[in-house]
Amino acid sequence: MILLEERSNGKNPMLPYLGRLVKVKDLASDIKLFSVEMLDGGREAFKKYYPGQFVFLSAFGVGEAPFGIASIPQRGTSLDFAVNRLGSVTTELHQLGEGDLVGVRGPLGNWFPMDEFKGKNLVVLGGGIGGAPLRPVLHTVLDNREDYGHLTILWAARHPSLLVFTDEYDEWRSAPDTRLHLTVDQPDAEWDHNVGLITDLLEKVSPSPENAISITCGPPVMIYYVNQVLCKLGFKPEQDYVTLEARMHCGIGKCGRCNLGEKLVCVNGPVFSMAEVGEMAEGFL
Amino acid sequence: MSYTLEIQTKARELLTSKQVECVIGYEVGLRGRTRPAFVYDAQDVERLVWNQACTHNLTTYLNDKLNPQGPVKNKTKEHTPGRVAVVVKPCDSRAINVLLAENHFPRELLHVIGVVCDGILEKVGQSGNLRSVRQLPISDLSQVQSRCQRCEGHMPVTYDTLIGECPSHQELSLGKANQADLIHIQAMTPAERAEYWFSQFDRCIRCYACRQVCPMCNCPTCLYERDDSLWVGIRIGLNEKRTFHLGRAFHLAGRCIGCDECERVCPMNIPVSLLNRMLAKEVEALFGHRAGLAPIPPPFVTVLSGS
Amino acid sequence: MKLTTREGLASWLDSLAHEVNLIAPRDIEGVLLYRPVKSSMEIVLEFINPVLSVKEAFFPATERLLTIEKTGQQITLNETLPEGKQVVFGVRPCDARGLKVLDANFTNTEPFDPYYTQRRSNTTVVGLACHQMSPTCFCTSVGIAPNDPGDMDVMLYRVEDGYIVQTVTKKGQALLSALPLETKELSQNGSDLHNSYIYDQAERVPVPEMSTWLAHFRDIYWEQVAERCLSCRICAYVCPTCRCFSVRDEVLSSENGRNQYERIRCWDSCAGEAYRRIAGGHNPRPEKGQRLRNRFLCKFVYYPRQYALGYAACTGCGRCIDACPVNIDITEVMQHIEEVSQ
């Protein structure tokens, strides 16, 4: 029997690192953007992480929940998370303010193969808070613009108040060879962009599948229907990447909860190509 | 005609004439164990049986079938409810009245096949005991369950089809008998009772089988399992288990019809139904109400609403 | 081969109970369970199998992972790893195989779970071969046997004059060195014993191939069987290999501005309706048939593939068959899947 100290560098994968909230910003209605600076051992653990990975954030006293990392290490040491107030953990997190400590376990999961995407045209589709795990993809592309082809961003929400990262749209639009398309289901008085579902917008924009990769994140229903439109437009499953969500309790492949058939979203995902998803007996919807 | 044949005949008639979409009854599985059966096709009615192992209270499936928009417990498919027939014993039939009183579904959607029941055998479909060290003496295997020994009248309180004949004399004298276990507990001091119950709950593993099998436990999300408010923690500990069992007993006061299925399904042999019976007695003493004899709401509804 | 008498065994168990946490089958008000014992008198030696499996001693129903202390903005975390040596006595081959199945996840796949691993490390497994298979046992169908010592540290076989003692692993050897069991040598050969240890063979159940299970993923069969399912958690909780758990923080105490919490994990089951429901309401398995199918496929396809098990995650103990209130029978399902694939 191998002794405990010899395994996992003696680190208990259920023991969180501590991080300090250095910034809390309102991102959208009921959605806050948390910026966390890691302390002590956590700094080393988060020196390197990749777009698509996630963490478990602890609201101590209530529990933990998984959140996609919405930042990249190349742009700074603090980690960004978009937190939608929906359940008990997120409600507790929303009570926290700058200076408060949170627990962070990670980085967990797999990541988008950004190197494989080099030289390709990217179509990035974000629905609601699904935009958060896509932000690191966008930042990586924008910071290494020549490495990638056309960048087409389709950004959607049910209502303008639910759009995320609105303060970055100008940065995105102004990048070379980059198009940003916005749409909402329900406009407000000031809205002067598209109105309608992201699938309608996608049909309208009709990006070419030639040398292209699509990356989609959003509610399961959205991912499902976006994928159907991508198929119609000629995208092959190998070209389509998604990041899937599932209820998780450990994030490290032990508790078994997040399985989609024989795959665990927390260790075999959350990033999957639609070719992989197609092979799964169990649907994510 | 045997009860089995009568039930099969009726089921065939109801399904062929499309009066119902489904007949919920009993069948015998490959190991010879009786279990719930859902028959949709007239050709399959021969699956249906009646025997002294028909212990399950099939009314627990009615909400799924007849009220799909309602409680999500045991939810199967989304569909607009068609009529359903269900085979019930006298105890089970009382559950129908409680469900009707609580407006879970309209009576017209249900065809009740009520059985005049002689009693269900002990230790059938039983969990824990099959693996325990205690082997029952043969004579016990022919004994009916204690709830059957308490049964008054053996007649379903509501039915559209009656299987069997109304007993010629009501065996009321048996009804109040066999409350020995209840009397034994009531003779204990409060401290002794607490010790007794805590030692019983200690074995509980919060499998929730008692709740899931009960027709009256049909909250969309059980209070004791709420993820958002967390009224009770997830720990499988004595405090939480005590809270669950005592709370559940109160939620069933005036509603529990005494089928004792909760106790039958418990893998740890916890005498769950004792609590329910105790509170049923209290409700009867205070309000003169006995659950399920008629489709009227329990006193907590009628008294508190001032009616 | 060594033989010990009944008295020899009893006296050994008594001294064991003084030295370590000895867990053995006990009759708790008519329910047979693996529980700590203080003397050999409390141990039941003639039985089929306790209601709950031995996994409780390694993966308890509730386990504290860490404590959390909050004072103002200050947070202190303390991991609470299990301590103390254990011996589990009277383990059947199906449960011992169950431990190997759990090992594949908790201790053999990174990142290793320190809680389970520590308990496994600190525990010696002393098995007791079965004399008979109950009608619901089917261990021989999944590659083990009632007298299989393979997953034990020490194995005992009851014979007329007492118990044959077989040391299986170094850990078993270490236990017997530290606490000797009084034995005398037998001339009987080890393999003779294994072959001569007779048990009633139960009928074999076919174990379909993984691809066969998957080929019937969309069959209406799952919905039909699940119609009577109550969505309780009995099958998962009695199972020696089910390992799903929830994690939550719970309040311990709160005084003078110091708030203490514990982060605990507890058993859970994929049969529950809310198991996969996310905040926001989406549930990929709202129907009972989907959940039932998940549980069976997990045993025979998902778990073995995810953790490179090499065999099915079901050990044929039959507890779920006995315990299910509505007679949902894993062997019936296995037979059906095999039949429809013909």
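What percentage of the 342 residues of chain C count as buried? The share is 50%, where buried means that 20 or more other C-beta atoms lie within 10 Å of a residue's own, exposed means 12 or fewer, and partly exposed lies in between, with C-beta atoms placed from the backbone.

This is a predicted model, in which local features need pLDDT of at least 70 and side-chain atom pairs count only at pLDDT 80 or more, while totals for chains, interfaces and linings use all residues. Residues are numbered from 1 along each chain as its sequence is written, and chains are lettered from A and ligands numbered from 1 in the order in which they are written. For the complex, the predictor gives an ipTM of 0.93 and a pTM of 0.93. Chain C has a mean pLDDT of 93, with 97% of its residues at 70 or more; pLDDT is the predictor's confidence in each residue, from 0 to 100.

**Chains A and C overall**

Helices and strands are DSSP runs numbered from the N terminus (helices H or I, at least four residues; strands E, at least two).

| Chain | Helices and strands | C-alpha extent along principal axes |
|---|---|---|
| Chain A | 7 helices, 15 strands | about 55 × 45 × 35 Å |
| Chain C | 11 helices, 12 strands | roughly 70 × 70 × 40 Å |

The radius of gyration is taken over C-alpha atoms, and the globule rule is 2.2 Å times the number of residues to the power 0.38. For the 285 residues of chain A, a compact globule would have a radius near 19 Å, and chain A agrees with 19 Å. For the 342 residues of chain C the rule gives a radius near 20 Å; chain C has 22 Å, which agrees. In chain A, buried residues make up 50% of the 285 residues.

Two residues are in contact if their C-beta atoms, placed from the backbone, lie within 7 Å. Among contacts in chain A between residues at least 6 apart in sequence, 71% join residues at least 24 apart. The corresponding value for chain C is 70%.

**Domains**

Domain bounds come from an automatic or database domain assignment. Chain A is divided into domain 1 (9-107) and domain 2 (121-243). The C-alpha centres of these two domains of chain A are 25 Å apart, and 15 residues of domain 1 of chain A contact 14 residues of domain 2 of chain A. On the domain 1 side, the elements of chain A that give two or more residues are β1 (17-28) and β5 (79-84).

Chain B is assigned domain 1 (3-175) and domain 2 (180-302). Here 27 residues of domain 1 of chain B are in contact with 25 residues of domain 2 of chain B. Helix α3 (residues 90-101) of chain B provides the largest share of the domain 1 side, 9 residues.

**The sheets of chain A**

Strands of a sheet pair through backbone hydrogen bonds, either parallel or antiparallel. Two strands count as paired if DSSP finds at least two bridges between them.

An open sheet of 6 strands in chain A has the order β4-β3-β6-β1-β2-β5, with antiparallel pairing. Its edge strands are β4 (63-68) and β5 of chain A, each of which pairs on one side only. Neighbouring strands of this sheet are turned by 40 degrees against each other on average, direction ignored. β1(A) and β6 (residues 101-108) of chain A run antiparallel and are joined by 4 bridges, with A:L18 opposite A:G103 in β6(A). Helix α2 (residues 88-95) of chain A packs on the sheet and touches β2 (31-38), β3 (54-59), β4 and β5 of chain A; its direction makes about 85 degrees with that of β4(A). For such angles, axes are lines fitted to C-alpha atoms, for helices over the stretch in contact, and values run from 0 to 180 degrees between N-to-C directions.

A further open sheet of chain A has 7 strands in the order β10-β9-β8-β7-β11-β12-β15, with mixed pairing. β10 (194-195) and β15 (271-273) of chain A stand at the edges with a single partner strand each, so one side of each has no neighbour in the sheet. Strands β11 (residues 212-217) and β12 (residues 240-243) of chain A run parallel and share 3 bridges; A:T216 has A:V242 as its bridge partner in β12(A).

Helix α5 (residues 198-205) of chain A lies across β7 (121-127), β8 (151-157), β9 (178-184) and β10 of chain A, at about 155 degrees to β8(A). A:L197 is found in the loop between β10 and α5 of chain A. A:L197 counts as partly exposed because it has 19 C-beta neighbours inside 10 Å. From A:L197 to A:T183 the C-alpha distance is 7.0 Å, with their positions 14 residues apart in sequence numbering.

**A hairpin in chain C**

Strands β11 (residues 245-255) and β12 (residues 258-267) of chain C run antiparallel, joined by 10 bridges. C:V251 has C:Y261 as its bridge partner in β12(C). The two strands form a hairpin with 2 residues between them, and C:N256 in the turn has a positive phi of about 50 degrees.
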